[in-house]
Amino acid sequence: MKKKEDLYYKFMFTSLKRIIKFGWNNFYRNKGLSFSSTFIMTIAILLIVSLLFFREASQFFISYIQEKVDISVSFNLNIDEEKIFEVKNELLKMEEIRNIEYSSQEEELENFKQKHQDDEILMRSLEEAQLFNPFPLPAVLNIKAWSADQYEQIVESLEDEKYRNIIYYIDYHDRRLIIERVFSITKWINQIFIILSSIFILIAILITFNTIKLTILNQKEELIIQRLVGASNWFISGPFLIQGIISGFFASLISFLISLGFVYLLEFQIESLFFEFNIFSYFLNQAFIIFLVQVIIGITLGIISSIIAIRKYLKA
Amino acid sequence: MFHASCFMLKFQKVTKIYQTNDIPIVALSDISFKVEKKEFVSIVGKSGSGKTTLLKLLLGEEKPNKGQVFFENYEIHKLSFQKISTLRRRVGMIFQDCKLISSKTIYENIAYAMEVININNDNIIKNVFEILETVGLKERAQNFPHQLSGGEKQRVAIARAIIHRPDVILADEPTSNLDPYNTLEIIKLLLKIHETGTTIILATYDKEIVNSLNKRVITLDEGVIIRDEEKGRFIL
């Protein structure tokens, strides 16, 4: 039994070695076809990888914009800080809240002075107001939610009866339009990404499949001869799979080098377009993952396209 | 599917019709015959008489419209592709147009027939060089098919067909591209292989060859067997 198993494995190993050799020979000897399929696969991989870069840059852009969006809750002037912290702790229990920052009356006064130091009229008014109260500006809680539709709910809970004597003003209604617009832009970017991904991936698969189909069509006569000599499906299709894998690997290597050159050359343009997103350092930090992704995409494209293209020649 | 009697090949009321632009062309019409093991049979007939179709049916390359074709006890056209592949490994086919794999060297073309049946490399090397010596092409081992003449290609095709010592050789006009000297060499080679117990089906329209062989001759005319004689002659 053991001997039979050993023979089987030996048989499989010899077959596999031959299939790899045939695949490499096919790739090496059909230089023109190998070049064109590798070239097309390089374009396909670059399409998909450019999507990954676009996603990374747009996520950076989205979080940058979202970081700027919040609502401010101003408290009555005579309220103790402890009361404000109680409100803050109460709010932090809400799932919708991402972050709350407290700004005291002193800090608000300082910020106001810095912001309006060139406005004489405003500064004089402030001085007059300080005659009655050294800190005439209210303490503030700056609240950030996870998404635009959550602000409504947060504001509703702040407008509860229990906070009526504490809270002076909530600026949500003034900023509602801007908040909603920012979030709709981010939603729009995500939708564009999904549409672009689908189109690019479809194009990548189609062009790769068609190129490999043409390559196989070119070798149709050889395929038929192999069948007539008695080669099994595995023995016939194996070398084409290996050819696809080799093309995919070389294509991923080339596309890695092209994308490296591309991000190096466009580093500053992309940085100014996407708010300080440095694509070159991102690429260097993620180089191994990017290369791995490209290899996986290349090899998968090669295998899938080869299987689909060769299938019809293997039917009896 | 299973047939009890002992024969190598058998045609039973086989009809093969090709459809060309909706016009039916009858290639073979209701033909029946048997070939015993170790027999040498010449199939003769004019061009278009159905010789190549007959060989294609034996190789499982075509399916009959009616009737059955047997390889030993197996009805060829009811077998799965995998089993047809296994049967083809027991057949050595010499094609009229050689059908060599253009991207492989001469050595690789011949070795391929042994590689598909998973013979080890040492045996392949030994056998391929032996057969190349027999067909006089040892020096051309590393050439590609396009670097060979018609006669040399035909000899490579023969070498590929016999290298794995098949039970049956199907030769479709193997001498059609050859000069008289090479024709004689090829026929000598086929006879030598036949002496080792291989069944041979030779489709040809070469009168001289058939008459010199003095073996069984089946004569086809427009897809019908008009003569089947032991020690027959080419008469059309």
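In the predicted model, G60(B) adopts a positive phi of about 75° just after helix 1 of chain B. The helix that precedes this glycine spans residues 51-58 and is mostly covered, with 6 of its 8 residues buried. The buried positions are K51(B), T53(B), L54(B), L55(B), L57(B) and L58(B). An α-helix has 3.6 residues a turn, so residues three or four places apart point the same way.

The sheet associated with this helix is open and consists of 4 strands of chain B in the order 2-1-4-5, paired antiparallel. Strand 2 (23-35) and strand 5 (74-75) of chain B occupy the edges; each has a single partner strand, so one side of each is left without a neighbour in the sheet. Helix 1 of chain B packs on the sheet and touches strand 1, strand 2 and strand 4 of chain B. The direction of helix 1 makes about 115° with that of strand 1 of chain B. Strand 1 (residues 9-20) and strand 4 (residues 66-71) of chain B run antiparallel and are joined by 5 bridges. At L9(B), the bridge partner in strand 4 of chain B is F71(B).

Positive phi values also occur outside glycine. Most residues other than glycine have a negative phi, and most peptide bonds are trans. K13(B), which is not a glycine, has a positive phi of about 50°. This lysine lies in strand 1 of chain B. K13(B) counts as exposed because 12 other C-beta atoms lie within 10 Å, the limit for that class being 12 or fewer. K99(B), likewise a residue other than glycine, has a positive phi near 50°. K99(B) is placed in the loop between strand 6 (91-94) and helix 3 (106-115) of chain B. With 20 other C-beta atoms within 10 Å, K99(B) is buried, since the class begins at 20.

Over its full length, chain B contains 7 helices and 10 strands. The radius of gyration of chain B is 18 Å, close to the 18 Å that the globule rule gives for 236 residues, so the chain is as compact as a globular protein of that length. Along the principal axes, the C-alpha atoms of chain B fill a box of roughly 45 × 40 × 40 Å. Of the 236 residues of chain B, 44% count as buried. Among contacts in chain B with a separation of 6 or more, 68% are accounted for by residues 24 or more positions apart.

Key: Residues numbered from 1 in each chain as written. Chains lettered and ligands numbered in written order. Predicted model: local features only at pLDDT ≥ 70, side-chain atom pairs only at ≥ 80, totals over all residues. Helix = DSSP H or I, 4+ residues; strand = E, 2+ residues; numbered from the N terminus. Pairing = 2+ DSSP bridges. Contact = placed C-beta atoms within 7 Å. Axes fitted to C-alpha atoms, helices over the stretch in contact; angles between N-to-C directions. Rg over C-alpha atoms; globule rule 2.2 N^0.38 Å.
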